Amino acid sequence: MTNNQILIKECIKQEFKENNSFSTENDFFEFFASSQALKNYNLSDDELSSGLIGGGLDGGCDAIYTFLNGDLIKQDQIDTIKAPKGATLVFTIIQAKNTISFGEDAIMKWKTTCSNLFNMSNTLDDYSDRYNERVIDSFRIFRDSITKLIRNQIKVQILYYYITCAEEVHPNVRMQAEELTSTIKSIYPSAQVEVKFLGADDLMELYNTSSEININLALADQPIALGNKVDYVALINLSTYYKFITDDSGMLRKSFFEANVRDYQGSNSVNSAIAETLENRKDEDFWWLNNGVTILAEKITPITNRELLLVNPEIVNGLQSSTEIYKYFSTHIDLIDKDNRNILVRLIVPENERVRDNIIFSTNNQTAIPKSSLRVTDAIHLQIEMYFKTRGLYYDRRKNYYKNQKKKATDIVGVSFLAQCLISIILQKPDFARARPSTLLTDDDTYIKLYEQEQDLEAYYKAALLGKKNTVSLIAFF
């Protein structure tokens, strides 16, 4: 084996020993491979695990995920799903084998499985004897999403990831991939279909990519420094801001907006006005007509008098403006570096978690937002986080905060995971918890019973501990 093959194998072996959620190293490899392939989506460990469907009757699919504009979609979100015109729906299928070669069998299975389950004239439940429930449910999410959004003129991408510890792809395997692409294109002619092979070199490169984001931000002029010069108010050129919020592939950096409690609201009156300002009011500076954005960071370091280095920036207010700016320049590529207008930006390093939560709550509470969206800023969730931390668990109020600090996956407790445990144990409603993982905290009565009646913090800890001690999740156990 090559050095990279030896090293990635050793990496997988060591990480498997630290993770007690998988019974075999091969099962863990499916999780590991998915986490590397989908690294840009910034998924939590719970979200990654929710897509693992491998096992008996999996049709060659070890994991399946559906994304809408970069956000993971689950079945309980379909009824309320919304998207602006031109949004991108991505269906991702992963086959991960802890071997040192790529074989033709995996792609041949994909041909059959996808021919059966992508064809909307076929009834999915008719294949329940041939494919397991999780496979059928995953294809149902995609089919229901594309049906629900048919009038939104969405773009569809179907991506296959074949992941092993191999070094080369045999020409016969590539030919099978080309045939698969043609087969799927015949079912969805307008879709972008691609098969990606990830081997040992690719896995090592992805694994060594730092999870900490350090990014330079150029300013239009010298900023106003407040207090001890840790916080700033500044103007940033619109083109510069567009580059700041997009990655190398030109996609919106979703990780920047994880703490923004308000989702993009589509073509409502406010966003239409922002779009109209960008398109037609070019004689007036944008910041005169817009409230601007608020960016929090773990650290801000001045590089020059017109450039700052931001560590792990979070755009906690300004998603609507940011998305409209992204859409504007995405359709006017020729105007990048030519638009002289600016946006107002507040850059803050919060002193502690309480201050951070207060900033998020206050900057998002000036117009109507469902209270459920702000719930992770409630004091009880900070108390749970602090209590867990003293006992070796990490409550992931800030998505992937502890994952990025290299804490063990078995020690991290997601917000939805804890809610599922509480609903299963305290309310005795495991079916409800399992069926609605994405919307558990939106039900006011349930939330009050679980979080707003002075519950003993030890009860939260024991519920999480019980959930974590099961190899399969507590919800599956019930």
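These are my notebook entries on a strand, the cysteines and a surface patch in this predicted model.

**Ground rules.** I number residues from 1 along each chain as its sequence is written. Local features need pLDDT of at least 70 and side-chain atom pairs count only at pLDDT 80 or more, while totals for chains, interfaces and linings use all residues, and side-chain values use heavy atoms, without hydrogens and water.

**Strand β9.** I started with β9, residues 293–296 (strands are DSSP runs of E, at least two residues, and helices runs of H or I, at least four, numbered from the N terminus). Val293 and Ile295 point one way, Thr294 and Leu296 the other. In a regular strand, side chains alternate between the two faces of the sheet. All four residues are buried, meaning under 20% relative accessible area, with exposed over 50% and partly exposed in between (1.4 Å probe, protein chains only).

**Its partners.** I then looked up pairing, which takes at least two DSSP bridges between two strands. β9 runs parallel to β13 (residues 342–348), with 4 bridges, and Val293 has Val345 as its bridge partner there. With β12 (residues 314–317), β9 runs antiparallel through 3 bridges; Ile295 is partnered by Ile315.

**Cysteines.** How many disulfides are there? I got 0, counting pairs of cysteine sulfur atoms within 2.5 Å. Cys165 is too far for a bond because its sulfur is 9.8 Å from the closest cysteine sulfur, in Cys11. Cys165 is buried at 0% relative accessible area, and Cys421 is buried at 0% too.

**Helix α1.** My last stop was Ile6, in helix α1 (residues 3–17). Ile6 counts as partly exposed, at 43% relative accessibility.
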